[in-house]
Amino acid sequence: MLTEDEIFANENYILDLLNEVKREGIKDYIQYIENSDFFSAPASTKYHRDYPGGLAEHSLNLLEPLKLSNSRLKKKEQLPEDSLTIIALCHDVCKEGLYVGDYGNYRALQGHPANNKHSGLSIEKIKKHIKLTRIERDIILYHMGLFSCYEYGMEYTPEDLMRAIKRHPLIQIFAAIDMEETHWQR
């Protein structure tokens, strides 16, 4: 569980990182998340970081491993720092406004679009403010690996995922980083 000071420190750090992004619409996106519960929300109801501030903490925890993985790619495959920041810090923005209750008793808000849609909803929310590249979009879309394919009644197939991975290795790498942070780093 995080203290109020830790939640505040994570919020300030995320805002500082996003303010460094040189992308049209980033200021609008920052204003959007500042006016949401993104920084105080849990990342889930019981599976990972199910406490106040867990969503922001989860997002932050993905940035450094993503940067390290990116640095290990061939130069021509490496993404710019702005892309990495957007991917890590925004991939689960669909969860803002999703959870109600308090620590130990969180539940998903009935009727919230994230109950039926996850990665796609994050992309929709980001694109209202920031234009995403195809690679950024694909990495966010498939950040749950094969689970991304089965989430919405097979809107995306395993074959779609494999084609995306062939377009860019960070698609599979980010899914593994997210899986590790979500399931093994409780």
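**Figure 1. Helix α5 and its buried residues.** In this predicted model, the buried residues of helix α5 are Ser119, Gly120, Leu121, Ser122, Ile123, Lys125 and Ile126. Try tracing the helix from residue 119 to residue 127 as you look for them. Seven of the nine residues in α5 are buried, so the helix counts as mostly covered. Notice that a lysine, Lys125, is among the buried residues here.

**Figure 2. Lys128, in the loop that follows α5.** Move on along the chain and you will meet Lys128, which sits in the loop between α5 and α6, the helix of residues 134–141. Is Lys128 buried or exposed? Its relative accessibility is 68%, and because exposed means over 50%, Lys128 counts as exposed. For a sense of distance, find Cys94 as well: Lys128 and Cys94 are 34 residues apart along the chain, and their C-alpha atoms are separated by 12 Å.

**Figure 3. Helices α1 and α4 side by side.** Here you can follow two helices, α1 with residues 4–19 and α4 with residues 81–90. Two packed helices are described by the angle between their axes and the distance between the axes. For this pair, the axes come within 10 Å and cross at roughly 145 degrees. The crossing of α1 past α4 is left-handed. Which residues meet where the two helices touch? On the α1 side they are Ile14, Leu17 and Leu18, and on the α4 side they are Thr85, Leu89 and Cys90. Sorted by class, this contact has five nonpolar residues, one polar residue and no charged ones.

**Figure 4. Ser83, a buried residue of α4.** Stay with helix α4 and look for Ser83. Its relative accessible area is 3%, and because buried means under 20%, Ser83 counts as buried. What does Ser83 touch, once its neighbours within four places in sequence are left aside? The answer is Arg23 and Glu136.

**Figure 5. Two residues in the loop between α2 and α3.** This loop joins α2, residues 26–34, to α3, residues 54–71, and Asp37 has its place there. With 22% relative accessibility, Asp37 counts as partly exposed. Setting aside neighbours within four places in sequence, Asp37 is in contact with Glu96, Gly97 and Tyr99. Leu62 makes a useful landmark: Asp37 and Leu62 are 25 residues apart in sequence and 19 Å apart in space, C-alpha to C-alpha. Now look for Arg49, which lies in the loop between α2 and α3 as well. Arg49 is buried, with a relative accessible area of 14%. Its phi angle is near 45 degrees, a positive value in a residue other than glycine.

**Figure 6. Stepping back to the whole protein.** The protein has nine helices and two strands. From the N terminus on, its elements run α-α-α-α-β-β-α-α-α-α-α. How many of the 186 residues count as buried? The share is 51%. The C-alpha atoms fill a box of roughly 45 × 35 × 30 Å, taken along the principal axes. A compact globule with 186 residues would have a radius of gyration near 16 Å, and the protein agrees, with 16 Å. Among contacts with a separation of 6 or more, 62% are between residues 24 or more positions apart. The accessible surface comes to about 9,700 Å², and 51% of that surface belongs to carbon and sulfur atoms.

How values were computed. Residues numbered from 1 in each chain as written. Predicted model: local features only at pLDDT ≥ 70, side-chain atom pairs only at ≥ 80, totals over all residues. Heavy atoms only, no water. Axes fitted to C-alpha atoms, helices over the stretch in contact; angles between N-to-C directions. Helix = DSSP H or I, 4+ residues; strand = E, 2+ residues; numbered from the N terminus. Left-handed = near helix turned anticlockwise from the far one by under 90°. Contact = heavy atoms within 4.5 Å. Nonpolar A, V, L, I, M, F, W, Y, C, P; charged D, E, K, R; others polar. Rg over C-alpha atoms; globule rule 2.2 N^0.38 Å. Buried < 20%, exposed > 50% of the residue type's maximum accessible area, 1.4 Å probe, protein only. Areas by Shrake-Rupley, 256 points an atom, 1.4 Å probe, with all protein chains shown as cover.
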